[in-house]
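Colleague: I would like to go through the labels attached to this model one by one, and to hear for each of them which criterion stands behind it.

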Amino acid sequence: MLDLNFVRDNLALVEEKLRQRGMNPSEALKDFQSIDAERRQAITQMENLKAKRNQASDEIAKAKKSGQDASAQIQATKEMREQIQEFEKKSADADARLRDILTALPNIPHDGVPVGKSEADNVEARRWGAPPVFDFKPKPHWELGEHLGVLDLERAAKLTGARFAVYWALGARLERALANFMLDLHTREHGYTEVLPPYLVNSESMYGTGQLPKFASDLFRVPHGEKDLWLIPTAEVPVTNLYRDEVLDAAKLPVCLTAYTPCFRSEAGSYGKDVRGIIRQHQFQKVELVKFSRPETSYEELEKLTHNAETVLQKLGLHYRVMTLCTADMSPSSAKTNDLEVWLPGQNLFREISSCSNFEAFQARRANIRYRPEGKGKTEFVHTLNGSGLAVGRTWVAVVENYQQADGSVLIPEALQPYMGTDRITKRSL
């Protein structure tokens, strides 16, 4: 959420940044200026009346002390008290309306973010490696997985429905191996602390990271007594909210956490997209990277986080590119996002496998996550960052498609062999 004073003092900038995101400022800001003026006027009148009431109270005390009749002053203070309550109500009502507007506003894109109208305007920052060369036509992962007997979409549909998967034998082990490999890499080499959070969270947690109220249709809601719980769409939600309403020790920043969890998404609005295979699932697994940073170093931390995620692909020998998302393609909460896109030869395209974002104080303000700078008495909001390190299912796809052999088997990258206990996936007996 944006700061009220920032929006008020930089309204022209906010309007321009909204246009860069492809939004209509008049629709997004609604009656912000008039509501803000109404609120400020109510506060001013309320404070003036309070000052008059205090003065009248002093006069009543003096009158009573000297034996004079103070009934007129007492009646006047009663009327002023009623007027103060009316202005308090007007102020609170304006506050609520302003908060509704601010809650719906997206973050301000960083100046380094390219301005664009769609994903076609994203900018490639760099590439690593080269695509594999085959002397046969490479197959997509859904054909390879079915041939090897390690990926079963038909039985998953029987169990639950579309956009779910069952992994068998070495297919299941590959998923587990990838997760363990990523967690070991990020904790042992990159210095992250591993966390295992709940997979159900309350509405306050969803609000803190920006999923609610805007993206309720993208989530799985679980009614629970008088309150709702929600299946997490990513570990970003519970891990970021670990420090909701807390003040972090400035000396310990940045705090770097990693978590492996399932993720649940309704994929509302994605009908007809990626219906083949396991690219777009209602349930998938992910290793998430989350950082809490000082504001002045958060963009350095974004580059470090991006490189941490890249290291996974490099150690697996997978060709990828880094894309800086344009203003229209970023999530509403993000100030800047670097996407990692891995090459999938079976589909002859690059596919997003990680989004690494700096949210600046946008989430921290919603979740009230602060720190106290050294030498200062007043707390400030931290900057929050996160990224997939990586999406395990999509990494599974990348390994299977990039390391496929002419006989339909799949070689295991050297970095994964200690976790797999084998160097190849071959067709299993059913």
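Colleague: What makes Lys30 count as exposed or buried?

Modeller: A remark on the basis comes before that: this is a predicted model, in which local features need pLDDT of at least 70 and side-chain atom pairs count only at pLDDT 80 or more, while totals for chains, interfaces and linings use all residues. Residues are numbered from 1 along each chain as its sequence is written, and side-chain values use heavy atoms, with hydrogens and water left out. As for the label, buried means under 20% relative accessible area, exposed means over 50%, and partly exposed is in between, with a 1.4 Å probe and protein chains only. Lys30 has a relative accessibility of 58%, and therefore it counts as exposed. Its place is the loop between helix 3 (25–29) and helix 4 (32–65), where helices (H or I, at least four residues) and strands (E, at least two) are DSSP runs numbered from the N terminus.

Colleague: What is notable about the phi of Lys30?

Modeller: Most residues other than glycine have a negative phi, and most peptide bonds are trans. The phi of Lys30 is near 55°, a positive value in a residue other than glycine. Asp245 also has a positive phi, near 60°; Asp245 sits in the loop between helix 10 (236–241) and strand 8 (247–248), and its relative accessibility of 52% makes it exposed.

Colleague: Which peptide bonds are cis, and what is omega for each?

Modeller: One cis bond joins Leu212 and Pro213, with omega about 5°, and Pro213 belongs to the loop between helix 9 (203–208) and strand 6. Another runs from Gly389 to Leu390, with omega near 20°, and Leu390 lies in strand 16.

Colleague: Why is strand 16 described as largely enclosed?

Modeller: Nine of the nine residues of strand 16 are buried, so the strand is largely enclosed by the rest of the structure. Strand 16 pairs with strand 10 in the antiparallel sense over seven bridges, and with strand 13, again antiparallel, over three bridges; two strands are said to pair if DSSP finds at least two bridges between them. Phe292 stands opposite Thr384 of strand 16, and Cys356 has Gly387 in strand 16 as its bridge partner.

Colleague: Why are strand 1 and strand 4 placed at the edges of their sheet?

Modeller: The sheet is open and has eight strands in the order 1-11-12-13-16-10-9-4, with mixed pairing. Strand 1 (123–128) and strand 4 (193–195) each have a single partner strand, so one side of each is left without a neighbour in the sheet. Neighbouring strands of this sheet are turned by 25° against each other on average, direction ignored, where axes are lines fitted to C-alpha atoms, for helices over the stretch in contact, and angles run from 0 to 180 degrees between N-to-C directions.

Colleague: How do helix 11 and helix 13 run relative to strand 16?

Modeller: Helix 11 (residues 298–315) runs at about 5° to strand 16 and lies across several strands, including strand 1 and strand 10 (283–293). Helix 13 (residues 392–402) runs at about 35° to strand 16, and strand 9 (255–264) is among the strands it lies across.

Colleague: Why is Gln347 called buried, although its place is in a loop?

Modeller: The loop in question is the one between strand 12 (336–344) and strand 13 (349–358), but the label rests on area: Gln347 has a relative accessible area of 18%, and therefore it is buried. Leaving aside its neighbours within four places in sequence, Gln347 is in contact (heavy atoms within 4.5 Å) with Pro140, His141, Trp142, Ile279, Val397 and Glu401. The two strands that flank the loop, strand 12 and strand 13, pair in the antiparallel sense over nine bridges, and Val342 has Arg351 in strand 13 as its bridge partner.

Colleague: What makes strand 5 and strand 6 edge strands?

Modeller: They belong to an open sheet of three strands in the order 5-7-6, with antiparallel pairing, and strand 5 (200–202) and strand 6 (220–224) each pair on one side only. Strand 5 and strand 7 (residues 227–231) pair over three bridges, with Val201 opposite Trp230 of strand 7.
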